[in-house]
Amino acid sequence: MSFFNSLNSFFRKNKDSNYLPDYFFNIPDDVLKFMYFKNGPKKNIDNHTDEPSAIDIKLPISEDFHNLEKMPYYPSYESLQPNQRFYFLSWLAKRNCPEDVGYAFLYLYSLERRLYDGEYIKETLLEINSLQKIINNDSFIRYSSISIIYAISRYNLYSFFDTLDTSMFPDFFVLTKKIVYDGKLTASEIIDFSHILGYKEKRYINNYYDIFKNELLQILEEKYHTPEFIFSGTNDKVPSMNLILSNFSLPDRNVYFSDIANSSIGTELCSLLYMAHDKTKKSLRKNNSYKHINKTVKKEINVRTGYPIATQKSINSTKQALIDSAKNNTFDKNEALAIARSSVNENGALTMISSYRYFLYGETFLKGELAYKYGDWDEAEKYWLTIFEISPTQICEKLSIMYRKQKRYSDEVYILQNGIDLWKNSIFNVHNGSTEDLEVRLKKASALYAKHKTSDKSTGIDIPNASYDHQFVSELVDLARLHNEQVFL
């Protein structure tokens, strides 16, 4: 510390016992204004608000980085070790890519609370967007994008969207922005969004992009008399998707956002792509190119099982996800209970239940996914059934697709019926998740079974009991219920 800093520190200490320690003077003012302080000259939050990012300047800080522990799954400034606090404050001064993404999430908590309270909205959005360019972590990119989605939709700031770098944003958000705010989509953009519009036939796009695009342009001209899809605003009501902010202490973390992809608009756009598909097919047949494209998409088969093998790129992606899950998927029950008890509302307990559920099924789910991609479908089924009780909606979707391909029609009906019933009453369904998609799938599966009873290849399904700590989850449920009761006292 320099002589002048020491002198300043001395006078601050003698003038005010709640002086701001020197650790904070390297943090830029435009970052300090986003932060929350429980005490000291910058105090801006009461002690009863359960804000995990709030700074208590009285807590000890150490500059020793030799034994820097991994950040907890849901970090708070108070729960950090003294050297972790120093690292966090030092990182805030630089805001580079941290050694542990937990530090970035801790800062994101404060930014989300600013957005929730309606303070520094545009400045906060720009700050979050700048962090996205620096921090290469999928989880942070997703949650920080939801933060931006939340503010833009809540405060109707679609015009501000153009000032942000959208290259890392979820495609569903960009699609909604282009429909709701821009009011139009080009042929290229419709093709770019094809993967979220339900369009499955990608071979013509991948191998004959220019022909496919020209056919789509002709369809747009014929149907709308313009080379673009124009949103008229007369479509049916658009459904909402439910997203969740990362800051578990906020009174309401839910973010409801227009789900264009699964609306009548999305259906219309998908039908345009299939029309372009049919026209491209006819065009290729006229030019004797159809046989060539079928050869290019021939799938490799697992010779032992007879089932198809995914592309190496897809297999490598799942392998990496499995490595990351094995490395990062940790859960501390005592810490989870502490967070649930200290929360000012039910969100702490409910978030811990969701986190425990992911801890239980995440790695096993990916193992099943990898087996499926290798064409070992029986092995995939075994993995997925062991976690069926914990995550029935996700497992139902995977198994029902697989059973239908195997012509196990009765098995598909059985797994869907059980998944729907189980999820409606599941202790893990803390946010009242819908089974509407599964019910639609069940209706189709029942019709298929009735039609193909004679050719049904079902083998029967034995669903094992899932292994998890019932007492721990029940305790979290009781804590959530207790918070709810206290609200109405």
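# A guided tour, starting at Tyr120

Select Y120, which is found in the loop between α4 (101-117) and α5 (121-134). Before you look closer, keep in mind that this is a predicted model. Now check the backbone of Y120: phi is near 50°, a positive value in a residue other than glycine. Is Y120 buried, partly exposed or exposed? Y120 counts as partly exposed, because its relative accessibility is 36%, which falls between the 20% limit for buried and the 50% limit for exposed.

## A second loop residue

Move on to N156, in the loop between α6 (138-154) and α7. N156 is not a glycine, and its phi is positive too, near 55°. How accessible is N156? Its relative accessible area is 58%, so N156 is exposed.

## Along helix α7

Next, select residues 171-182, which make up helix α7. Colour the buried residues of α7: F172, F173, V174, L175, T176, K177, K178 and I179. While you turn the helix, here is a handy rule: an α-helix has 3.6 residues a turn, so residues three or four places apart point the same way. Just past the end of α7 comes G183, where phi is positive, near 80°.

## Two stops in one loop

Now go to the loop between α2 (29-32) and α3 (82-94), where you will find E51. Is E51 buried or exposed? E51 is buried, because its relative accessible area is 3%, under the 20% limit. Show what surrounds E51: leaving out residues up to four places away in sequence, E51 touches Y36, I45, Y109, S110, R113, N247 and S249. For a sense of scale, draw a line from the C-alpha atom of E51 to that of S153: these residues are 102 positions apart along the chain, and the line spans 24 Å.

Stay in the loop between α2 and α3 and select I55. I55 counts as buried, because its relative accessibility is 0%. Which residues does I55 contact, beyond its neighbours within four places in sequence? They are F24, M35, Y36, F37, K38, N39, Y77, F88 and L89. Y36 may look familiar, as E51 touches Y36 and I55 is in contact with Y36. For another line across the model, join the C-alpha atoms of I55 and D376, which are 321 residues apart along the chain and separated by 51 Å.

## Over to helix α15

Select residues 347-373, helix α15, and pick out F359 within this helix. F359 is partly exposed, because its relative accessible area is 29%. Setting aside neighbours within four places in sequence, F359 is in contact with N329, T330 and F331. Take F331 from that list: F359 and F331 are 28 residues apart in sequence, yet their C-alpha atoms lie 6.7 Å apart in space.

## Two cysteines

Find C270 and C396. C270 is buried, because its relative accessible area is 10%. C396 is buried as well, because its relative accessible area is 0%. How many disulfides does the model have? The count comes to 0.

## Zoom out

Show the whole chain again. You should be able to step through 20 helices and 6 strands. Along the principal axes, the C-alpha atoms fill a box of roughly 90 × 55 × 50 Å. Of the 489 residues in the chain, 46% count as buried. Turn on the surface: the accessible area is about 25,500 Å², and 48% of it belongs to carbon and sulfur atoms.

How does the chain meet itself? Among contacts with a separation of 6 or more, 66% are between residues 24 or more positions apart. You can also colour by charge: the chain carries 60 positive and 62 negative charges, and the mean positions of the two sets are 7 Å apart.

## Last stop: confidence

Finally, colour the chain by pLDDT. The mean is 85, and 91% of the residues reach 70 or more. Then select residues 1-17, where the pLDDT is below 50 and the model has 9 contacts beyond near neighbours in sequence. Where pLDDT is low, the predicted coordinates should not be read in detail.

How values were computed:
Residues numbered from 1 in each chain as written. Predicted model: local features only at pLDDT ≥ 70, side-chain atom pairs only at ≥ 80, totals over all residues. Heavy atoms only, no water. Helix = DSSP H or I, 4+ residues; strand = E, 2+ residues; numbered from the N terminus. Buried < 20%, exposed > 50% of the residue type's maximum accessible area, 1.4 Å probe, protein only. Contact = heavy atoms within 4.5 Å. Areas by Shrake-Rupley, 256 points an atom, 1.4 Å probe, with all protein chains shown as cover. Lys, Arg positive; Asp, Glu negative; His and termini not counted. Charge placed at Lys NZ, Arg CZ, Asp CG, Glu CD. pLDDT = per-residue confidence, 0-100. Disulfide = S-S within 2.5 Å.
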